[in-house]
Amino acid sequence: MARSHANPGHGAHGSDTGAEHSHGHIGQATYYKVFAALMVLMALTVGAWWIEGIIALPRLLGVAIAMTIAIAKTVLIVLFFMHVKVSERATQLYAAAAFLGFAILVIITMGDYFARGWPPPPGPLP
Amino acid sequence: MATTTPTAKPAQPHGHDGHDHGVHGRELQHHFETVQQQKETATLGMWAFLVTEIMLFGGIFMAYIVYRWAFPEVWAAAAHHLNTPLGAVNTVVLLVSSLTVALAVNAAEEGKRRRVLTMLGVTLVLGLTFLLIKGYEYSEKFAHCAGYATPISWVTGTGQHAVDECLVPGRAFLFPEAHGAEGAAAASEHGAPQPGLGSPYQLFYFLYFVATGLHAVHMIVGLTIVSILTFLVWRGMITATYFTPIEIGGLYWHLIDIIWVFLFPLFYLVH
């Protein structure tokens, strides 16, 4: 299971070793950078919403912009804050499976609705 | 996993040599080879739980997708009555708290006990701030149902019948007069806004209260976990060798953050 990281005793790097070889370690500077990126994305999503209130964009485009930004934020949090980038492969697989599972739920449910011609005229999002 | 070790040799120094940890404690339980392996196993277990959490919220998001797709006009009109500035502030609060949790894990990894305590303390304050703001938003909606403009005037009992709307789902639900072209279109399409269970706008607020309510419950659980972690660190039970509780507690906190990252644009930023 722990084949590639069977580096005995390296989990025990004690005191202040700083950012180095140790797998599973992300340096402090990276966390601050990721946080800055999250703040920028946050400003972008509110900004986009504000602009959409002034100029009329297609509604579907607005939703697409907001969701793209939300997914970008999620990827940053999962990879860096949740350490998935430096985790074992099995953990990475589970993390991916969670979102894949949700995608399957959406695709099958919406596929069924569309196949039955629902919703009637007011949808889909204009 | 396939190797079945005979269990009847308690006094034996365990098979894996090359480690200088004499006693098997929580740093390294006897069924793990290395500290690293134990940590990875715990992390994987936590992720298995997080997958079920995503499926739990996934059901709510699925309902949201179906109904927003079906009634985009209702969504556009209804979302205007949520307090977007407060929602934005809460997003920032949660993002900062995610940073402090990440820094707490980082400090724990490096064995800096004082810094871990500071970071967890800041996280607690931020989490409470989030809940306070959320609580204010909720109480605003309930105050409107009672006829008061703000929760404060509700408490002091001044100026009843100031507002004529109730956005809490139920028999008293009353969506205010449709405003602007969007609202008017929605009203003509689905019949004029009507009080009580027949109002189409109720669907949006029902999903809003369920989704943010479940999220708030998770926040309360998260705050409890962070409190326990703070206690563990304070008691010196977390070391640079063994900080798994901080690591997987942090994973839970980040998950709550991710859920909010989606709830915010889906409920507050709708046109």
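## A tour of chains A and B

Select His83(A) to begin, and it will be found in the loop that runs between H2 and H3 of chain A. The model on screen is a predicted one, and in it this residue adopts a positive phi of about 65 degrees although it is not a glycine. The position to look for along the backbone is just after H2(A). Is His83(A) buried or partly exposed? Because it has 20 C-beta neighbours inside 10 Å, and 20 is where the buried class begins, His83(A) counts as buried.

**Back along H2 of chain A**

Step back from the loop and select residues 59–81 of chain A, which form helix H2, a run of 23 residues whose first and last C-alpha atoms are 32 Å apart, close to the 33 Å expected at 1.5 Å a residue. If you colour the buried positions of H2(A), the set consists of Gly62(A), Val63(A), Ala66(A), Ile69(A), Ala70(A), Lys73(A), Ile77(A), Val78(A), Phe80(A) and Phe81(A). In reading such a list it helps to recall that an α-helix has 3.6 residues a turn, so residues three or four places apart point the same way. Now display what covers these buried residues of H2(A): the cover includes helix H1 (28–54) and H3 of chain A, and also helix H3 (84–109) and H8 of chain B.

**Chain A as a whole**

Zoom out until the whole of chain A is in view, and its three helices, with zero strands, can be followed in the order α-α-α along the sequence. Of its 126 residues, 21% count as buried, and among its contacts with a separation of 6 or more, 62% are between residues 24 or more positions apart.

Colour the chain next by its division into domain 1 (27–86) and domain 2 (87–126). The C-alpha centres of domain 1 of chain A and domain 2 of chain A are 20 Å apart, and where the two meet, seven residues of domain 1 of chain A are in contact with six residues of domain 2 of chain A. On the domain 1 side of that meeting, the touching residues are five nonpolar, one polar and one charged.

**The largest nonpolar core**

Which residues touch the most other members of the largest nonpolar core? Select Ala79(B), Ala104(B) and Phe204(B), which hold that place among its 80 residues. The element that gives the most to this core is H8(B), with 16 residues. Keep the domain colouring of chain A switched on here, because domain 1 (27–86) and domain 2 (87–126) of chain A both give residues to this core, so it lies between them.

Centre the view on Ala104(B) and show its surroundings: leaving aside neighbours within four places in sequence, Ala104(B) is in contact with Val116(B), Met119(B), Leu120(B), Thr123(B), Ile246(B) and Gly250(B).

**Chain B and its helix H1**

Show all of chain B, which has eight helices and zero strands. Of its 271 residues, 39% count as buried, and 67% of its contacts between residues at least 6 apart in sequence join residues at least 24 apart.

Then isolate residues 35–70, helix H1 of chain B, whose 36 residues reach 52 Å from first C-alpha to last, close to the 52 Å expected at 1.5 Å a residue. Where is the kink in H1(B) centred? Select Gly58(B), the centre of a kink of about 25 degrees, and note that Gly58(B) is itself one of the buried residues of H1(B), a list that also includes Trp47(B), Leu50(B), Tyr64(B) and Arg68(B). The buried residues of H1(B) pack against helix H3 (89–115) of chain A, together with helix H2 (72–79), helix H7 (202–234) and helix H8 (244–268) of chain B.

**Two partly exposed residues**

In the segment before H1 of chain B, select Phe32(B), which is partly exposed, with 19 other C-beta atoms within 10 Å. Beyond residues up to four places away in sequence, Phe32(B) touches Gln37(B), Gln38(B) and Thr41(B).

Finish in helix H7 of chain B with Leu223(B), which counts as partly exposed with 19 C-beta neighbours inside 10 Å. Not counting residues up to four places away in sequence, Leu223(B) touches Leu124(B), Gly127(B) and Leu128(B). For a last distance, draw a line from Leu223(B) to His30(B): the two are 193 residues apart in sequence and 31 Å apart in space, C-alpha to C-alpha.

Methods
Residues numbered from 1 in each chain as written. Chains lettered and ligands numbered in written order. Predicted model: local features only at pLDDT ≥ 70, side-chain atom pairs only at ≥ 80, totals over all residues. Helix = DSSP H or I, 4+ residues; strand = E, 2+ residues; numbered from the N terminus. Buried ≥ 20, exposed ≤ 12 C-beta atoms within 10 Å, placed from the backbone. Domains from an automatic or database assignment. Nonpolar A, V, L, I, M, F, W, Y, C, P; charged D, E, K, R; others polar. Expected span 1.5 Å × (residues − 1). Bend = angle between axes of the 7 residues up to and from the residue. Core = buried A, V, L, I, M, F, W, Y, C linked by C-beta atoms within 7 Å.
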